[in-house]
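Here are a few notes to help you find your way around. Have the model open as you read, and take the points in any order.

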Amino acid sequence: MKTGLKITAFAAAVAATFGTAYGVGKGVDPVTAGEQKTAGHAGGGHGKGAEKAQDGHAGHGTSAAGAAAVPGGLQISERGYTLDLRTRHIAAAGERTELSFAITKDDTGRKVTAYRTEHGKQLHLIVASRDLTVYRHLHPARAADGTWRTPVELPKAGGYRVFADFTPRAEKEGLTLGADLAVAGKYAPGDLPAASRTADAGDGYEVRLGGGLGAGSASELPLSVARNGKPVTDLQPYLGSYGHLVALRSGDLAYLHVHPNKGGPGPGVSFTATAPSNGTYRLFLDFKHNGTVRTAEFTVQAGRSAGDRPEEHGH
């Protein structure tokens, strides 16, 4: 996952149940897609966006093709890789369930077992409800045969989208694939939370969002963390950075995974992102302090200028 970003993955250039450590596959020949290297891709994932962040890494976003690319997470198959989600249904909301899936290579049908490590993990799994009121960032364990597994507990019935964000070892660029998941039970869709510059992350933590999300152009999203009204200046690294940002577009759940610009550890962290269109987006910021990872959630309107502040709402 890379800094900077665009969103044709959104995409281009989004609490917390966290998975266990990765199992390292042994005794199985790695599937490397014939070691054929791909120069780039049009979809989301760890793409080389036109803009680069201060650390020189591109984000999960579009290629130089820009708006012509398909946003990440909207397709179950891309560039010959398929997300084979084995767990398609969960019997009841609130029930702890094991999600099982694999990444397969279409030309062989074999499970991929060789991945690049990105920000400390070989694969990041995001689960979000269709109404964007539930978000989980998981890190599954991989068995030797290429099957990934992770426990998850989803609090409400309805439709969800599962995003696998990864880079096969045979590829230079990453990708994000998506598949649908259903949780049985009585379903009542939630209203999208109103736009706000502040988010309550629990235990006295509050995160404030600055700037604005530009449509079709790069914009900076600075986020500052405070606890009990005092700035937090000693954020701890989480997945190799001081913040981890995922964004989803309301309506189709196009996906963008962003990493911060250089700087930190506080009182906050800054990101650069480009939205593919005007519209409503949900931002999910993971940050770590005092040994605990927390999530702050925001609703933003893309296309609003950085200086145009939305009306404040209580969170």
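1. Which strand is Thr 272 found in? Thr 272 sits in strand E17, residues 268–273. Keep in mind that this is a predicted model. With a relative accessibility of 18%, Thr 272 counts as buried because the cut-off for that label is under 20%. The side chain of Thr 272 also makes a polar contact of 3.1 Å with the side chain of Asn 261.

2. Next, have a look at strand E4, which covers residues 96–105. Eight of its 10 residues are buried, so E4 is largely enclosed by the rest of the structure. Strand E2 (residues 81–85) pairs with E4 in the antiparallel sense, over five bridges. If you want a spot to check there, Asp 84 stands opposite Ala 102 in E4.

3. E4 has another pairing to look at: with strand E8 (residues 147–153) E4 pairs in the antiparallel sense, over seven bridges. Here Arg 96 is the residue to pick out, standing opposite Glu 153 in E8.

4. Now for strand E6, residues 135–138. In a regular strand, side chains alternate between the two faces of the sheet. In E6 both faces are covered: Tyr 135 and His 137 are buried on one side, and Arg 136 and Leu 138 are buried on the other.

5. What does E6 pair with, and in which sense? The partner is strand E5 (residues 123–129), and the two run antiparallel over four bridges. One bridge links Ala 128 to Tyr 135 in E6. The hairpin of E5 and E6 has five residues between the strands, and in it Leu 132 takes a positive phi near 65°.

6. That brings us to backbone angles. Most residues other than glycine have a negative phi. Leu 253 goes the other way, with a positive phi of about 60° although it is not a glycine. You'll find Leu 253 in the loop between strand E15 (244–249) and strand E16 (255–258). Is Leu 253 buried or exposed? At 1% relative accessibility, Leu 253 counts as buried.

7. Asn 290 is one more residue to check: its phi is positive too, near 55°, and it is not a glycine. Asn 290 has its place in the loop between strand E18 (279–289) and strand E19 (292–302). With a relative accessible area of 51%, Asn 290 is exposed, whereas Leu 253 is buried.

Note on methods: Residues are numbered from 1 along each chain as its sequence is written. This is a predicted model: local features need pLDDT of at least 70, side-chain atom pairs count only at pLDDT 80 or more; totals for chains, interfaces and linings use all residues. Side-chain values use heavy atoms; hydrogens and water are left out. Buried means under 20% relative accessible area, exposed over 50%, partly exposed in between (1.4 Å probe, protein chains only). Two strands pair if DSSP finds at least two bridges between them. A polar contact is a pair of N or O atoms within 3.5 Å; within protein, one must be able to donate a hydrogen and the other to accept it, and residues adjacent in sequence count only if both atoms are side-chain atoms.
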